[in-house]
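Visitor: I'm new to this one. Could you show me how to read a few of its features?
Guide: Sure, let's take them one at a time.

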Amino acid sequence: MDCMGRALALARQALGTTSPNPAVGAVVVKGGVAQGEGYTQPPGGAHAEVVALAQAGEGARGASLYVTLEPCPHFGHTPPCTMAIIAAGITEVHMATLDPNPLVWGRGKRDLEAAGIKTHVGELEEEAQELNEAYFKYITMGSPFIIAKFAMSLDGKMATKEGEAKWITGPAARDRAHDLRRTVDAIMVGVNTVLADDPQLNYRRSAAGEAQKGDRQPLRVVVDSEGRIPATAGLFKGPGSTLLVTALSVDEVKAQKYAAAGAEVMTLTANGRVDLHQLLKMLGEREITSLLVEGGGTLLGSLFDLRLVDKVVAFVAPMIIGGREALTPVEGEGVSRLAEALRLARVKVERLGDDIMIVGYVKRD
């Protein structure tokens, strides 16, 4: 069996439920047969290795463990996974990648080796690091991993000159875009997107489009410099929490309306606009490890201008909209020369119905 591939598949099942911890998968194998498997439980719950070992029971003695991330050697909300592995009688541990957490980095591997357990690192390492890319950035830099997501026509328009934007892409692309919400801690939009589309900005998975009881909802973040969003906006009505970030302090009456709608209001100012650097710092302090930015063009333009975006997910529909005044997905200042343009690396292209999805990572100088 493809043991590490199975461990990665298990880890993907945990995505969106473990933050700020990484999503990890583990498989206990003896004689080519899986004895136990598991993935990370929500914060405070068991780690993947412990779940797999518990399922394996005595079958873990003399077995090999395949795990997508280096086992933790320290006490946190749960005891060290290395202790559980040693006590279970595992003789060999295969780790896809080391954990960049300073409390773990290399130490988990060394503790296992000190107990006489053989260790291996590097199998499907790139896939494992990509799966936990948000955790890797957050644990090393303290700020969220930023994904810029947008949909556009073949000629680069995200709406007609009259502002009509539903729907540029087809159902398959929209479903894939919506699935991104399940994997992130927060969704961010600018106020113009709210005023134009009145989105709910939540994760919905049922055929009827309603959130299921128990679904984890990402934090909704709205960048609204002047506090223009109405307290009756649809995003205040759904499940989950909303953070409204302004550049100017809102008046008491409006503040009371926002509070009554269940929103938190925060003012972060830089040159009359919302201070995006401070906003990301604050989100990191709140253990937001991943942030999906869904528009509009002004907000995305500012994030690209400031070189804050880590990953781009763009959906392109085979249609021509045209129009000098039709909106584009990324505005802002832009660049003067092509040599200054942001370029993507590790680009992947996938067809979704008649649309295509382009995914890539912003190259760093």
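Visitor: Let's start with a strand. Which residue is the bridge partner of Met188 in S13?
Guide: Keep in mind that this is a predicted model. The partner of Met188 is Val293. That bridge belongs to the pairing of strand S7 (residues 186–190) with S13, which is parallel and has 3 bridges.

Visitor: Which strand do 4 bridges join to S13, and in what sense do the two run?
Guide: That's strand S6 (residues 145–153), and the two run parallel. Look for Ile147, whose bridge partner in S13 is Leu292.

Visitor: And are the faces of S13 covered or open?
Guide: Both faces are covered. Ser290 and Leu292 are buried on one side, and Leu291 and Val293 are buried on the other.

Visitor: What about helix H11: how many of its residues are buried?
Guide: H11 spans residues 297–305, and 7 of its 9 residues are buried, so you can call this helix mostly covered, with buried meaning under 20% relative accessible area. Among the buried ones are Leu299, Leu300 and Phe304. After the helix comes Arg307, with a positive phi near 60 degrees.

Visitor: Now the rings. How many aromatic pairs does a search of the whole structure find?
Guide: It finds 2. To describe such a pair, you give the distance between the ring centres and the angle between the planes. Tyr135 and Phe136 are edge-to-face, with centres 6.1 Å apart and planes at 80 degrees. Tyr135 has a relative accessible area of 6% and Phe136 one of 17%, so both count as buried, the cut-off being under 20%.

Visitor: Which residues form the tilted pair?
Guide: Phe236 and Tyr258, at 6.1 Å centre to centre and 45 degrees between the planes. This pair links distant parts of the chain, 22 residues apart: Phe236 is in the loop between strands S8 (219–223) and S9 (242–246), while Tyr258 is in helix H9 (residues 252–260). Phe236 is buried at 10% relative accessible area, and Tyr258 is buried at 1%.

Visitor: Which residue caps the N-terminal end of H9?
Guide: Asp251 does, with a side-chain oxygen 3.1 Å from the backbone nitrogen of Val253. H9 is followed by Gly262, where phi is positive, near 90 degrees.

Visitor: One last ring: which residue lies over the face of Tyr361?
Guide: That's Arg346, at 3.9 Å from the ring centre.

Terms used. Residues numbered from 1 in each chain as written. Predicted model: local features only at pLDDT ≥ 70, side-chain atom pairs only at ≥ 80, totals over all residues. Heavy atoms only, no water. Buried < 20%, exposed > 50% of the residue type's maximum accessible area, 1.4 Å probe, protein only. Phe/Tyr/Trp six-rings, centres within 6.5 Å; stacked < 30°, edge-to-face > 60°. Lys NZ or Arg CZ within 6 Å of the ring centre and 35° of its normal. Polar contact = N/O pair within 3.5 Å; in protein donor to acceptor, adjacent residues only side chain to side chain. Pairing = 2+ DSSP bridges.
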